[in-house]
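Please open the model in a viewer and keep the sequence panel visible beside it. The tour below proceeds by selection, one stop after another.

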Amino acid sequence: MYCVKWFGGRGRSGVAALTILVAMALIAGDVPKDVPRDEHGAALVKHQEQVLDQLLPKEPADGVPAGVDPVTWASLVPTDNAMTPERIALGRKLYFDTRLSADGTVSCATCHDTTRALTDQRATSEGIRKQLGKRNAPTTANAALLHVLFLDGRSPTLEHQAKAPIINPVEMGMADGDAAVAAIKDDAEYQKMFRAAYGRDVNYEDVGRAIAAFERTLVFLDSPFRRFLAGDENAISADAKAGWELFNGKARCVSCHPMSPSNPLGTDNRFHNVGVSARHQDFEKLAREALKAMADDPSEQRLDELAVGTDMSELGRFMVTHNRSEIGVFRTLQILNAGITPPYMHDGSMETLWDVMDHYNKGGEPNPFLDGGMEPLALTEDEINQVVAFLFTLTDDRFADENQRQFAEQKAKAAQKRPFRDDDMATRRTLGFEDRIKAEANADTQKGAK
Amino acid sequence: MASHKSVETKYYEERERLYRGLVNLDRRAFLKVSAAALGATAGLIAPTSFTPVTVAQEPGPAGTASGESFRFAYISDSHLYEKQINDRFARGLMRAVDDVNNLDPQPDFVFYGGDLAQLGQPKELEFGAQILKNLKAPLKIMVGEHDWYFDMGEKWQDLYGPPTYSFDHKGVHFVVLNSVVEADFWTARKMTPMERMKTVAGLDNGTQSSFTVGQSQREWLEKDLAPLADDARVIVFSHSPLYKLYKPWNFWTDDADEVQAILRRFKQVVVIHGHTHQVLLNRIGNIYFYGLLSTAWPWPYAPEGMPELTVEMERSDPFNPTDGCGNGEVPVHADGLIDMVYNLWNRNPITVKPGYMRSWGKKDVPPAPNRPSY
């Protein structure tokens, strides 16, 4: 758990904070809507870097992020990868470098685009040769504060995680770490930067470390809701306040998304089947295939390939633990900045936060592995609107413009269609399992039952 | 009522016919029977029989000391309300049914450990029976106090027949008892059926009597076991543990000592019980006791009297209502002892090997839970 300071953040007086906020809002407002984009839809690197310069705080990037307790922060940074300006600079260069992909078109920033809330705002991500993966890219914002990474938790650290997409065939497609190193090791600037950062030649482990060090600067916690929790009653609307009440009560969100001053991300860092993949998968068949595939090749790289590039993606945490009870189970995502990171869920199958609320309102999609905490919620339309209003107060002030744009866009979409809405299930007029208990098929085998 | 028979049922029926055909078998007839069996394996007739010539010998009489190993599955303590009142427990039972139906290969049968209903309501029992009909494998079922004390077992027996019975399976003698017989505490108090039911369903109340197997069932048990040799393979099912654990919660059978005395002469006996909703292990001399998981909720451990052999499962996660619940499998070995597989839905499964019980907890110790007990 983290400890976060709530009153004004680190080293900022109230007036200074306000000035910075206003300045940032102005800067963010300067970003043109029609930014130049590459073949994968990502903003061009030069433009992304400009945006990033405006997003990140002016104070030294290698320090403790504003609002995070220094002792907690120290526990999150590995001892062999202390934050230094050299490491961060190297990581930043690597983050934007498409040479790390097999066809030279994809970088970390392709799917974690600084102009798109550090994700790609698309259902699933596009890698080299226009290949689509099976999973939605989570934002790199605040990834530094998570306990485990990837949607199935198959990676324990940022350092470890950063190395995987580079060598995943549907993402950046390098054959292995050596191939990635070969692509950049003759670059004199990299040679200099690796030496300055880690005192060694270019190598793959340090590629992971440097990217991790850079990602630790991507901390975005300054939301209106945070100011509300710190005592500013006017920071959020009456609707959002009602939504916060529902979040902690009738809507049951807090069971898996605890939000508090000490855990501002809104994730329990655990894994749950909320019945998203249940809609379109034969879990049993898939699980048997997965066990066979992983018995044939138990390597980490193979797991990464199967999890990102095949239908086995839907098995979630099961792919990591092989535990039957974790079929279709995924990591609880942070809900900070949720408003600006659509579409939602591990497969990006929900376009708006209204869809997400509809899904939870009906108690999720019935399946044998559904988390025990999933229940029909019987939320009214007004209540759904209130929870959504609350969720849009969780966006960092630096993304305020994008937040407003997303709210309007999602609201318009939701007015058009609500594909996951099921009032009968939400109010328990029909129960999720009812169609499955009508079987008479085996009745004769149990006559007398003994 | 549909006339469909499951693959397993057809298999057992056909095998039964094959065995019957082997009685007084002369050489010509033998060839005929085995040709039929071989034809089955070659796909010439409907391949419901997988019994080739090598199986064409009578199995030993029930209860011989070493025999075929096999496996059954268990589900227990679902405590169903009517679905309009509470559908969470129904979902729990559905999940268990799905788990068991997905076992590959299928278990020989599924044992249900009692307390299908919460308040003994006919509608609760019917609802449960409806869900259990989805099982692919044959069902064997035991009664629990929650099934019984609203109408004194009328509806349950209507669905499933007498609660006390025995059967032989692959050389193992199985006994199913009704261990929740209570002395009449309700007539004198002029209780309604529902008051009686709710009294029995409660913990920590001094109003109700204790569970017993009772004299008539004990006499039946002695007679039922009489033909068996002392080294027979015997597995006894009882809803409450057949020993005295903690009386205020009725984790207790009042005449347990008398029942144990009946079982004493056997080399070893396995007793499997429901009711306690937790990983619970005990051994008293030659008797090995195993508690079953519930599909509805886990009980905490009794505050005193816990058997030393029990590997206590961790405190369940209050934010996950299925944590600490589950179902399981029971592989039965040639020597009559069992593996008890606790398939916990939210945790790694726990398997208790016979060596653990046989060595009084010294060998084959199941992995220690990673969180403290409660």
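Which residue in S12(B) is the bridge partner of Phe70(B)? Select Phe70(B) and look across to S12(B): the partner is Val332(B). Please bear in mind throughout that this is a predicted model.

**First stop: an open sheet in chain B**

Extend the selection to strand S1, residues 70-75 of chain B, and strand S12, residues 326-332 of chain B. These two strands run antiparallel and are joined by 5 bridges. Besides the pair already shown, Phe72(B) may be selected, which stands opposite Val330(B) in S12(B).

Next, add strand S2, residues 110-112 of chain B, which is joined to S1(B) by 3 bridges. Here the two strands run parallel. Within this pairing, Ala73(B) has Val110(B) of S2(B) as its bridge partner. In general, the strands of a sheet pair through backbone hydrogen bonds, in either a parallel or an antiparallel manner.

Now display the whole sheet. It is open and consists of 6 strands of chain B, in the order S3-S2-S1-S12-S13-S14, with mixed pairing. The edges are taken by strand S3 (139-141) and strand S14 (350-352) of chain B; each has a single partner strand, so one side of each is left without a neighbour in the sheet. On average, neighbouring strands of this sheet are turned by 20° against each other, direction ignored.

**Second stop: a buried strand in chain B**

Select strand S6, residues 234-238 of chain B. Is this strand enclosed or open to the outside? Of its 5 residues, 5 are buried, so S6(B) is largely enclosed by the rest of the structure. Both of its faces are covered: one side carries Val234(B), Val236(B) and Ser238(B), the other Ile235(B) and Phe237(B), and all are buried.

The pairing partners of S6(B) may be added in turn. Strand S5, residues 172-176 of chain B, pairs with S6(B) in the parallel sense over 4 bridges; in this pairing Val175(B) stands opposite Val236(B). Strand S9, residues 269-273 of chain B, also pairs with S6(B) in the parallel sense, over 5 bridges. There, Ile235(B) stands opposite Val270(B).

**Third stop: chain A and its domains**

Turn to chain A, which has 18 helices and 2 strands. Buried residues account for 51% of its 450 residues. Among its contacts with a separation of 6 or more, 72% are between residues 24 or more positions apart.

Colour domain 1 (31-215) and domain 2 (224-432) of chain A separately. Their C-alpha centres lie 25 Å apart. The contact between them takes 29 residues from domain 1 and 34 residues from domain 2.

Which residues of the largest nonpolar core touch the most other members? Select Ile211(A), Met319(A), Met357(A), Val387(A), Val388(A) and Leu391(A), which do so in a core of 112 residues. Both domain 1 and domain 2 of chain A give residues to this core, so it lies between them. Centre the view on Leu391(A): leaving aside neighbours within four places in sequence, it is in contact with Ile335(A), Ala338(A), Gly339(A) and Leu353(A). Another core, of 91 residues, lies apart from the largest one and includes Phe89(B), Phe127(B), Leu225(B) and Ile235(B).

**Fourth stop: a buried loop residue**

Select Val274(A), in the loop between strand S1 (271-272) and helix H12 (283-296) of chain A. Is Val274(A) buried or exposed? Since 24 other C-beta atoms lie within 10 Å, Val274(A) is buried. Not counting residues up to four places away in sequence, Val274(A) touches Gly364(A), Asp371(A) and Met374(A). Add Gly373(A) to the view: from C-alpha to C-alpha, Val274(A) and Gly373(A) are 8.9 Å apart, although 99 residues separate them in sequence.

**Last stop: confidence along chain A**

Finally, colour chain A by pLDDT. The average is 89, and 88% of the residues score at least 70. Over residues 1-32 of chain A the pLDDT is below 50, and this stretch has 49 contacts in the model beyond near neighbours in sequence. Residues 441-450 of chain A also stay under 50, with 30 contacts beyond four places in sequence. Where pLDDT is low, the predicted coordinates should not be read in detail.

Conventions:
Residues numbered from 1 in each chain as written. Chains lettered and ligands numbered in written order. Predicted model: local features only at pLDDT ≥ 70, side-chain atom pairs only at ≥ 80, totals over all residues. Pairing = 2+ DSSP bridges. Axes fitted to C-alpha atoms, helices over the stretch in contact; angles between N-to-C directions. pLDDT = per-residue confidence, 0-100. Contact = placed C-beta atoms within 7 Å. Buried ≥ 20, exposed ≤ 12 C-beta atoms within 10 Å, placed from the backbone. Core = buried A, V, L, I, M, F, W, Y, C linked by C-beta atoms within 7 Å. Domains from an automatic or database assignment.
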